[in-house]
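Take a look at the structure below. Then follow the text from the ligand outwards to the empty spaces and the backbone.

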Amino acid sequence: MKHRKLLMIPGPIEFEPQVLRAMSVQTPSHVASNFIEVFGNCLDMMKEVWLAPSGQPFIVSGSGTLAMDMAAANLIENGDNALVISTGYFGNRFKDILDRYGANTTILTANIGDNVALEAIEKELKNKDYKLLTFTHVDISTGVFVDPKSIVSLAKKYNILSVLDGVCSVAGEEIRQEDWGIDVVLTASQKAIGVPPGLALLVASKKAINVWKNRKTQVSNYYADWKNWLPIMKAYQERRPSYFGTPPVNLIVALEKSLKIILKEGIEKRVEKHQKLASAFRLAIEALGLTILPNNTAKAANTLTAIYYPKEIDGSKFSASMLNNDIIIAGGLHPEIKNNYFRVGHMGAISANDIIATLSAIERTLGKLGYIFKLGEGLKVFQNNFSE
Ligand SMILES: *Cc1c(COP(=O)(O)O)cnc(C)c1O
């Protein structure tokens, strides 16, 4: 196909044709028995993907930001202390959301490309009586990866709730919600879950549900209140009809298809595929003499890579030339360095061939813009280092 563009941004991503076809079914009633089955299957499969067998899944119409909003609205009461561990753009958004519900929010912000030191987190937890902490698994603005295990064990040590913004990681990076003891893991459909935008997805632990049940004050956000949604989720889980707000029926049919594809491959294999593609891609980028944002590969995500432009190259020319080569990449998002780097998403249905096409376009673009390097070097390194 001439001029078919490949969408290599970190969400929305390229979707499986089967998932897109599933969306085009004639819209069933939200209380039809076949749709109740589909919705129930989605909730059951979320627990498998999240590895949270006793968690409570929620599927609500909205974007990832609504999932963040839902966690904050239900778990925070006026005056609660909340800690945000920020590795970029969405850490600040979480602070704004928590503040909106009356939290006293402290934000610990990492240097660009780095994590917040565990010692700094522990010092903060010792100092104040926190109710909850939030952190971002993969920061989409920097491509920085945070290892959840160490942060969650601190949260447990100080007996506070942990909320993981997994919008750019669920189904792409390893998450064992129940084993690790994370109270809320949230995401959105258009990232590694592989469904067009429109679904806010989260799984809450028993502890999180209990904290919500024992609130002294009513949840101040009507739409996000678990009081409205929990009976609906329970009904679908038990394959009973119910209604609070009309679910996005076609998107949920597509979600069932995508979750089936993910679980058929197996969540561990799926994560491993992301790791293999990402590590070979990073080596290729390095071979071209380019630098990634994360300080080292242990802090680099497997769902996207953020890459500095070489000094002599103008970012807008770079993106335009990539588009001309039929590859859509994302520009910078972190406000401090927005114009200095670009981002490539490589999650979900993305294959080695897609990465090869992207690398080839990067090489042609760099060449055209006068950057000095050995043509073909990135492609060579990728192919030497990637094995299925
Ligand atoms: C994409 C993203 C969000 C926001 O999701 P929307 O669906 O755009 O609201 C939040 N956090 C992270 C880490 C993301 O990658």
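What follows is a walk through the ligand site, the pocket, the cavities and two spots on the backbone.

This is a predicted model, in which local features need pLDDT of at least 70, side-chain atom pairs count only at pLDDT 80 or more, and totals for chains, interfaces and linings use all residues. Residues are numbered from 1 along each chain as its sequence is written, and side-chain values use heavy atoms, with hydrogens and water left out.

Start at the ligand. Its shell holds 14 residues. A residue belongs to this shell if one of its heavy atoms lies within 4 Å of the ligand. The closest are S63, G64, T65, D165 and K191. By class, the shell has seven nonpolar, five polar and two charged residues. Here Ala, Val, Leu, Ile, Met, Phe, Trp, Tyr, Cys and Pro count as nonpolar, Asp, Glu, Lys and Arg as charged, and the others, Gly among them, as polar. Helix α3, residues 64-75, gives the largest share of the shell, with three residues. Helices (H or I, at least four residues) and strands (E, at least two) are DSSP runs, numbered from the N terminus.

Now look at the polar contacts, pairs of N or O atoms within 3.5 Å. For S63, an N or O atom of the side chain lies 2.6 Å from an oxygen atom of the ligand. For G64, the partner is a polar backbone atom, 2.7 Å from a ligand oxygen. For Q190, a side-chain N or O atom is 2.9 Å from an oxygen atom of the ligand. On its own, the ligand has 380 Å² of accessible area, and the protein covers 89% of that. Such areas come from the Shrake-Rupley method with a 1.4 Å probe.

Where does the ligand sit? It sits in the largest pocket. To sit there, more than half of its atoms must lie within 2 Å of the pocket's grid points. Rolling a probe the size of a water molecule over the atoms shows where empty space is left. On a 1 Å grid over the protein atoms alone, a cavity is a set of points where a 1.4 Å probe fits but cannot get out; a pocket is an open set with protein on both sides within 12 Å along at least five of seven lines, and lining residues have an atom within 4 Å of a point.

The largest pocket holds about 220 Å³ of space. A volume is the space filled by probe spheres set on the points, which are joined across faces, edges and corners. Its lining has 21 residues, and F90, I140, V167, Q190 and K191 are the closest to its centre. Helix α3 gives the most to this lining, with three residues. By class, the lining has eleven nonpolar, six polar and four charged residues.

Next come the cavities. The whole structure has four of 30 Å³ or more. About 50 Å³ lies in the largest. Residues lining the largest cavity include H30, F39, W229 and Y243. Helix α9, residues 226-237, supplies the largest share of that lining, three residues. The second largest cavity has about 40 Å³. Among its lining residues are F39, I59, Y223 and W229. Strand β2, residues 56-61, gives the most to it, with three residues. Its lining has seven nonpolar, three polar and no charged residues.

Finish with the backbone. A cis peptide bond joins G11 and P12, with omega about -5°. P12 lies in the loop between β1 and α1. L51 has a phi near 55°, a positive value in a residue other than glycine. L51 is in the loop between α2 and β2.

Note on methods
A polar contact is a pair of N or O atoms within 3.5 Å; within protein, one must be able to donate a hydrogen and the other to accept it, and residues adjacent in sequence count only if both atoms are side-chain atoms.
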